[in-house]
Amino acid sequence: MSDTSRVRTTFPLVCPHCEKPTLATVTSEARGGGVNEPLYLLELAECGNCFDPFLLIEENYGDEWDGDPLVIWPKQQRPLSLNVPEALRREHEEARQCFSSKTYTATAVMVRRTLEGVCLDQGMASSGGRPTPLFKMLEQMKDEGKIDGQLFEWAQELRVLGNQGAHFTGTSVSREDAADGLALAEALLDYLYVFSAQFTAFKARRAKAKEDGQDSSSD
């Protein structure tokens, strides 16, 4: 195993504090693990933009650190809204956990499961006792106006990414594709279960205000 210190080493990433691309500089480190667990390297680093500190971890499964440090503090993921059905929140959370564990192919598979769960929750159930292919369910959601053209395109790309993860092709899912898949799946959940509900409530509130003579839109 390499004993080279990481102190003063820089890594390109997005700062969890200021959320800007930066070169993070490692200021100190500590090593642990071994015997029944992988070796790990904890790295205290600071952002090159805002200079706030954060904690990184690298793991060693052979004779070198993996070179892909993961931010473990502060937490970067916001919880999904409780408006999203619990079963879908569980699926998406498992996808997040796969990503945190750097199992990017598994992340894509869980994103696809989340997408399938969305279709079923939206009433795109199979008919005649035979399961409906996911791409057909997505087309049905678009035809019924539940998702628009762009969201349909996003969802189809997530389906294709999930298929890549689910079938052995000799090509693994990249970190970047897994991260984008998570973000797009979250955007789809927000649109269907948070923003749509919020807009419906907004319209109902505006309609009631108009009935009560409180609407000044004609001024």
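**Exercise 1. The residue after α2**

Which residue with a positive phi follows α2?

*Solution.* The model examined in these exercises is a predicted one. In it, α2 is followed by Gly123. The phi of Gly123 is positive, near 90°.

**Exercise 2. Positive phi outside glycine**

Locate Arg8 and Phe51, and state the backbone angle and the accessibility of each.

*Solution.* Step one concerns Arg8, which belongs to the segment before β1 (10-14). Its phi is near 80°, a positive value in a residue other than glycine. With a relative accessible area of 59%, Arg8 is exposed, since the cut-off for that class is over 50%.

Step two turns to Phe51, placed in the loop between β3 (37-46) and β4 (53-60). Here phi is near 65°, again positive in a residue other than glycine. The relative accessible area of Phe51 is 53%, so this residue too is exposed.

**Exercise 3. A cis peptide bond**

Identify the two residues joined by a cis peptide bond and place the proline in the chain.

*Solution.* The bond links Trp73 and Pro74, with omega about -5°. Pro74 itself is part of the loop between β5 (70-73) and α1.

**Exercise 4. The span of α2 and its buried residues**

Compare the span of α2 with the expected value, then list its buried residues and what covers them.

*Solution.* Begin with the length. α2 has 18 residues, which at 1.5 Å a residue should span 26 Å. The end C-alpha atoms of α2 are 26 Å apart, so the two values agree.

Next, consider burial. The buried residues of α2 are Tyr104, Thr107, Ala108, Met110, Val111, Thr114, Leu115, Gly117, Val118 and Cys119. The spacing of such a list can be read against a general rule: an α-helix has 3.6 residues a turn, so residues three or four places apart point the same way.

Finally, the cover over these residues of α2 includes α1, α3, α4 and α5.

Thr107 serves as an example from α2. Its relative accessible area is 0%, and it is therefore buried. Not counting residues up to four places away in sequence, Thr107 touches Ala95, Cys98, Phe99, Ala178 and Leu182.

**Exercise 5. Two partners of α2**

Describe how α2 packs against α5 and against α4, giving angle, axis distance and handedness.

*Solution.* Take α5 as the first partner. The axes of α2 and α5 cross at roughly 20° and come within 9 Å. The angle makes α2 roughly parallel to α5, because angles under 35 degrees fall in that class. The crossing of α2 past α5 is left-handed. Residues of α2 that make the contact include Tyr104, Thr107 and Val111, while those of α5 include Ala178, Leu182 and Ala185.

Now take α4. Its axis lies 8 Å from that of α2, and the two helices pack at about 130°. That angle makes α2 oblique to α4. Here too α2 passes in a left-handed crossing. Among the contacting residues are Ala108, Val111 and Leu115 of α2, together with Ala155, Leu158 and Gly162 of α4.

**Exercise 6. Helix α4**

Describe the length, the start and the buried residues of α4.

*Solution.* α4 covers residues 149-166, 18 in number. From its first C-alpha to its last it reaches 26 Å, close to the 26 Å expected at 1.5 Å a residue. At the start of α4, a side-chain oxygen of Asp148 comes to within 3.2 Å of the backbone nitrogen of Gln150.

The buried residues of α4 are Leu151, Phe152, Ala155, Gln156, Leu158, Arg159, Leu161, Gly162 and Gly165. Their cover includes α2 (104-121), α3 (134-143) and α5 (175-211).

**Exercise 7. His92 and Leu184**

Is each of these residues buried or partly exposed, and what does each contact?

*Solution.* His92 is in helix α1 (residues 86-100). Its relative accessibility is 1%, so His92 counts as buried. Leaving aside neighbours within four places in sequence, its contacts are Leu80, Thr114, Leu182, Ala185, Glu186 and Leu189.

Leu184 is in helix α5 and has a relative accessible area of 25%, which means that this residue is partly exposed. With neighbours within four places in sequence left aside, Leu184 is in contact with Trp154 and Leu158. The C-alpha atoms of Leu184 and Glu157 are separated by 9.4 Å, although these residues are 27 apart along the chain.

Conventions: Residues are numbered from 1 along each chain as its sequence is written. This is a predicted model: local features need pLDDT of at least 70, side-chain atom pairs count only at pLDDT 80 or more; totals for chains, interfaces and linings use all residues. Side-chain values use heavy atoms; hydrogens and water are left out. Helices (H or I, at least four residues) and strands (E, at least two) are DSSP runs, numbered from the N terminus. The expected span of a helix is 1.5 Å times one less than its number of residues. Buried means under 20% relative accessible area, exposed over 50%, partly exposed in between (1.4 Å probe, protein chains only). Contact means heavy atoms within 4.5 Å. A polar contact is a pair of N or O atoms within 3.5 Å; within protein, one must be able to donate a hydrogen and the other to accept it, and residues adjacent in sequence count only if both atoms are side-chain atoms. Axes are lines fitted to C-alpha atoms, for helices over the stretch in contact, and angles run from 0 to 180 degrees between N-to-C directions. Angles under 35 degrees count as roughly parallel, over 145 as roughly antiparallel, 65 to 115 as roughly perpendicular and the rest as oblique. A crossing is left-handed if the near helix is turned anticlockwise from the far one by less than a right angle, and right-handed if clockwise.
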